[in-house]
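Grab a coffee and work through these exercises with the structure open beside you. Try each task before you read its solution.

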Amino acid sequence: GKGGKEGKGGKAQAPPASAEEAGANIRPIPPPGKGAKNASDLLITVEDDERESSGAGASAEGRGGAMGEKRVPVYVACAESPQHVIEVVLSVYVRRARLPEPGEVLFCNPETTLEEIELLFYRWTEARRHRRGHFVFCVADVHALNYTQQVAVLDRLREVMADNPRLDAAASLLFVS
């Protein structure tokens, strides 16, 4: 028939020349800035512009931080919409040229338990001890949790980080909503 891939005479029709012709929705991804630690995965350290540009008398100690403090490998990404969360999550792994392992990503829903998230936190804090320091542990669809659950997750993250103040065995942790 005329609606298929072959014409009436059995000749194959030419494929679309570009993604746009095929009807694909292409969104450009801006390149990482100069502060990108690993430019290939878009996980960057957000610098505090106020701290860098502040004048005399305004030190990091005065704002509760210490000069030379170790940065914590926790990142947050906001998708354009809930439907784009999976794209954001997968883009991190695609840019690292690998697929995530099953215990590396947790997609939340209203029935997700704090225990499931805690288990991912423990895998994150101990990753380097198990030769998984290159992993990016991800808690996705955080918006699917109710407010009380979200607060409990943050409180538990603070507790886990307080129990492991140096986080020297931690990999990267990414929250996507």
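**Exercise 1. How exposed is aspartate 168, and what does its side chain pair with?**

What is the relative accessible area of aspartate 168, and does that make the residue buried, partly exposed or exposed? Find its salt-bridge partner too.

A word on ground rules: this is a predicted model, where local features need pLDDT of at least 70, side-chain atom pairs count only at pLDDT 80 or more, and totals for chains, interfaces and linings use all residues. Residues are numbered from 1 along each chain as its sequence is written, and side-chain values use heavy atoms, with hydrogens and water left out.

- Step 1: Get the cut-offs straight: buried is under 20% relative accessible area, exposed is over 50%, and partly exposed is in between (1.4 Å probe, protein chains only).
- Step 2: Aspartate 168 has a relative accessible area of 40%, so this residue is partly exposed.
- Step 3: Its side chain meets that of arginine 166 in a salt bridge at 3.1 Å, N to O. The term asks for a side-chain nitrogen of Lys or Arg within 4 Å of a carboxyl oxygen of Asp or Glu.
- Step 4: Arginine 166 has a relative accessible area of 57%, so that partner is exposed.

**Exercise 2. Track down more salt bridges.**

How many salt bridges does the rule give? Look at two further pairs and a network.

- Step 1: The count comes to six.
- Step 2: Glutamate 126 and arginine 129 pair through their side chains at 2.6 Å, N to O. The glutamate is partly exposed because its relative accessible area is 25%, while arginine 129, at 52%, counts as exposed.
- Step 3: Aspartate 155 and arginine 158 pair at 3.8 Å, N to O. Both sit in helix H4, three residues apart, about one turn of the helix. Here aspartate 155 is partly exposed at 35%, and arginine 158 is exposed at 52%.
- Step 4: Salt bridges with shared partners also tie Glu118, Arg156 and Glu159 into one network.

**Exercise 3. Map the chain and its cores.**

Which helices and strands make up the chain, and which elements feed the largest nonpolar core?

- Step 1: There are four helices and six strands. These are DSSP runs numbered from the N terminus: helices are H or I with at least four residues, strands are E with at least two. Along the sequence they read β-β-α-β-α-β-α-β-α-β.
- Step 2: Buried residues account for 29% of the 177 in the chain.
- Step 3: In the largest nonpolar core, 20 residues strong, the members touching the most others are Phe121, Trp124, Phe137, Val139, Leu173 and Phe175. Such a core is a set of buried Ala, Val, Leu, Ile, Met, Phe, Trp, Tyr and Cys residues joined through side-chain atoms within 4.5 Å.
- Step 4: At least two residues of this core come from each of H3 (114–125), S5 (136–140), H4 (147–163) and S6 (172–176). H3 gives the largest share, four residues.
- Step 5: A second, separate core has 12 residues, including Ala79, Val89, Cys138 and Leu174.

**Exercise 4. Place serine 81.**

Is serine 81 buried or exposed, and what does its side chain contact?

- Step 1: Serine 81 sits in the loop between strand S3 (74–77) and helix H2 (85–95).
- Step 2: Its relative accessibility is 18%, so serine 81 counts as buried.
- Step 3: Its side chain makes a polar contact with the side chain of histidine 84 at 2.8 Å. That term means a pair of N or O atoms within 3.5 Å; within protein, one must be able to donate a hydrogen and the other to accept it, and residues adjacent in sequence count only if both atoms are side-chain atoms.
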